[in-house]
Amino acid sequence: MPLPPLSERHVDPHSYPDGVAFFDGQYLPMSQAKISVLDWGFLHSDATYDTVHVWDGRFFRLDLHLDRFFGGLQKLRMAIPLDRDGVAEILHNCVALSGHRAAYVEMLCTRGASPTFSRDPRQAINRFMAFAVPFGSVANAEQLRRGLNVAVSDKVRIPPASIDPSIKNYHWLDLVRGLYDAYDRGAETALILDFNGNVAEGPGFNVFCVKDGKLSTPAIGVLPGITRRTVFDLCSEAGLSATAADVSVAALKAADEVFITSTAGGIMPVTVIDGIPVADGKVGAITSRLMALYWQRHEDPAWSSPVSYT
């Protein structure tokens, strides 16, 4: 039987969101943004990244996202031929070329690949990429209005002794398994546990609970999210108490209010946990107040920077 023909190039049958990517010094449509199957980012999840959003034509807290991205590069011993200003310029260009006024923007670096397929990570050529696609939220408009239905999975987040959670990474199999636990129980998203059995975080978001007017959020084994930090900043300005501490599952379920935080959606209310309403099952007053303050600050030049579309 004859061998099949060897194609000269790949024909991609899939569809992609409208957007612009930066790869190897080139700005490309998202449909043309490809990596090699030999890239360690794909083969070993050996990569770090960060995401920032653009709202009404303005980046929100871009400086903090750049801080975290370059911190991750240093901790993973990766290097890119760009400084902060160079990365910021590429991100601006991706958004401007896409034309999106509301965008989800990602910068990432993979370990890359070795020309000789070496297993020595020091021989891999690190690869920087970036892209901008339409803004997407963990919670849709209806969920933001009525609050999310969340299930607490017994899956355990990768402990910080194994992976430093301050390095934003693609190690999501624990989170994905938690998501399927939630779907099986009729919930919309999941929270998983830390190695002590306390609440940790969810797929792409941190969690806060409010009790007697005081806020708390898990302290150990979680990504120190930028929106999480923004909640602390807003609480400081608004005279609200907010602390990072252990949050037990029982404490979460006994809270007066619960919300989650992410660059992909901001501050988002939770009104059902494991099928039981949080307090009266309605979006709480403190959550609503912080949501309003959060979006108002997107117009503040101290926290945001405009995109030049021309």
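User: What makes Tyr-49 and Phe-205 stand out among the residues that line the largest pocket?

Analyst: In this predicted model, the largest pocket is lined by 36 residues, and Tyr-49 and Phe-205 belong, with Lys-168, Trp-172 and Gly-204, to those that lie nearest its centre. A residue counts as lining when one of its atoms is within 4 Å of a pocket point, and the volume of this pocket is about 600 Å³.

User: How do you know which helices and strands supply at least two residues of that lining?

Analyst: The elements that reach this number are strand E3 (47-55), helix H2 (62-75), strand E5 (103-113), helix H5 (173-184), helix H6 (226-238) and strand E12 (257-262). H6 gives the most to the lining of the largest pocket, namely 3 residues.

User: Why is Gly-204 counted as polar, and how many polar residues does the lining of the largest pocket have?

Analyst: Gly is placed among the polar residues by the classification used, so Gly-204 is counted there. By class, this lining has 13 polar residues, beside 17 nonpolar and 6 charged ones.

User: What makes up the lining of the second largest pocket, by class?

Analyst: The second largest pocket, with a volume of about 400 Å³, has a lining of 13 nonpolar, 2 polar and 1 charged residues. Of its 16 lining residues, Phe-23, Ala-33, Ile-35, Leu-108 and Phe-131 lie nearest the centre; Phe, Ala, Ile and Leu count as nonpolar, so these five belong to the nonpolar class. Helix H1 (40-43), E5 and strand E6 (125-134) give two or more residues each, and the largest share, 3 residues, comes from E6.

Terms used. Residues numbered from 1 in each chain as written. Predicted model: local features only at pLDDT ≥ 70, side-chain atom pairs only at ≥ 80, totals over all residues. Heavy atoms only, no water. 1 Å grid on protein atoms, 1.4 Å probe; cavity = no way out; pocket = protein on both sides within 12 Å on 5 of 7 lines; lining within 4 Å. Points joined across faces, edges and corners; volume = space filled by probe spheres on them. Helix = DSSP H or I, 4+ residues; strand = E, 2+ residues; numbered from the N terminus.
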